[in-house]
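Me: Please take a close look at one helix of this model and describe how it packs against its neighbours. A formal, connected account would suit me best.

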Amino acid sequence: MRTPLTAIQGSSEILTRYNLPEQKRNELSGMINSESKRLARIIQTFLDVERLTDGQVELKREPFEAAAIVDACMQRVTPLAERKGIELTLDGAVDGVLVGDRELMEYALYNLMTNAVKYSPSGTQIHVFSKRVSSERNGGELRLGVKDQGIGMDSKEVQNIFKKFYRTKGAEASGEVGTGIGLSIVEQIVTRHGGRIDVVSEPGKGSCFTMVLKVKSPVLENAKTVEIGRAHV
């Protein structure tokens, strides 16, 4: 939070103290505007973490196609990966209906994908994949994951990666800006949806984050269809 504050304070002080050319004044005004928005986003992120942790966020319980959030995230992240010279690939079709808060689940996947881009060097690949494990009783599970060829983590770092404000040594040394909060929010979202996150990583060889989520039961869907049909009869 100090970084955007310093930029705002410094720029505003220069604006008020010196008689600057119009172009320079516009540049500083633009910086104040962009940094204030960034500070607002950081504060909102902090608040979201606390609200999720305290159970104050009421999750929506609506069915949605898992493919919908994957498609949305692929469209948003692909330009980021291309600018960095990273190949982003979706491995196969995504199958399954999830029940919950689509917006939050999309945020969780987007966070995992952007993290992969941030901490991967150019010339590498990032694979987004899914695997459906079906069950007649409860619909089964959907394993939705992101695998990169980035900096990776050791076993101790993996154990701490979901703690609030925690950043690995590699992340700190990368020069990438981060708060260490994103993955904490992701875990809260997935846990609140009755799922879990599996992490496999090795220093210098990349990481794989997999969200294991409950899939809506097809048996219940069929039962609803039959009931609706009988009602019409």
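**Helix α4 and its two partners**

Reply: Among contacts in the protein between residues at least 6 apart in sequence, 71% join residues at least 24 apart. The model is predicted, and the protein has eight helices and seven strands. Of its 233 residues, buried ones make up 38%. The helix examined here is α4, residues 102-118.

The first partner to consider is helix α3, residues 66-83, whose axis lies 9 Å from that of α4 at an angle of about 30°. Angles under 35 degrees count as roughly parallel, and α3 and α4 are therefore roughly parallel to each other. In this pair α3 passes α4 in a right-handed crossing. On the α3 side the contact is made by A68, I69, V70, A72, C73, M74, R76, V77, L80 and A81, which meet R102, M105, E106, L109, Y110, M113, T114 and V117 of α4. By class, the residues of this contact are 14 nonpolar, one polar and three charged.

The other partner is helix α7, residues 182-192; its axis and that of α4 come within 9 Å and cross at roughly 140°. Here the crossing of α4 past α7 is left-handed. From α4, the residues L104, M105, Y107, A108, N111, L112 and N115 take part, and they meet G182, L183, I185, V186 and I189 in α7. This contact comprises nine nonpolar and three polar residues, with no charged ones. M105 of α4 appears in both contacts, meeting residues of α3 as well as of α7.

Definitions and conventions:
Residues numbered from 1 in each chain as written. Predicted model: local features only at pLDDT ≥ 70, side-chain atom pairs only at ≥ 80, totals over all residues. Heavy atoms only, no water. Axes fitted to C-alpha atoms, helices over the stretch in contact; angles between N-to-C directions. Helix = DSSP H or I, 4+ residues; strand = E, 2+ residues; numbered from the N terminus. Left-handed = near helix turned anticlockwise from the far one by under 90°. Contact = heavy atoms within 4.5 Å. Nonpolar A, V, L, I, M, F, W, Y, C, P; charged D, E, K, R; others polar. Parallel < 35°, antiparallel > 145°, perpendicular 65-115°, else oblique. Buried < 20%, exposed > 50% of the residue type's maximum accessible area, 1.4 Å probe, protein only.
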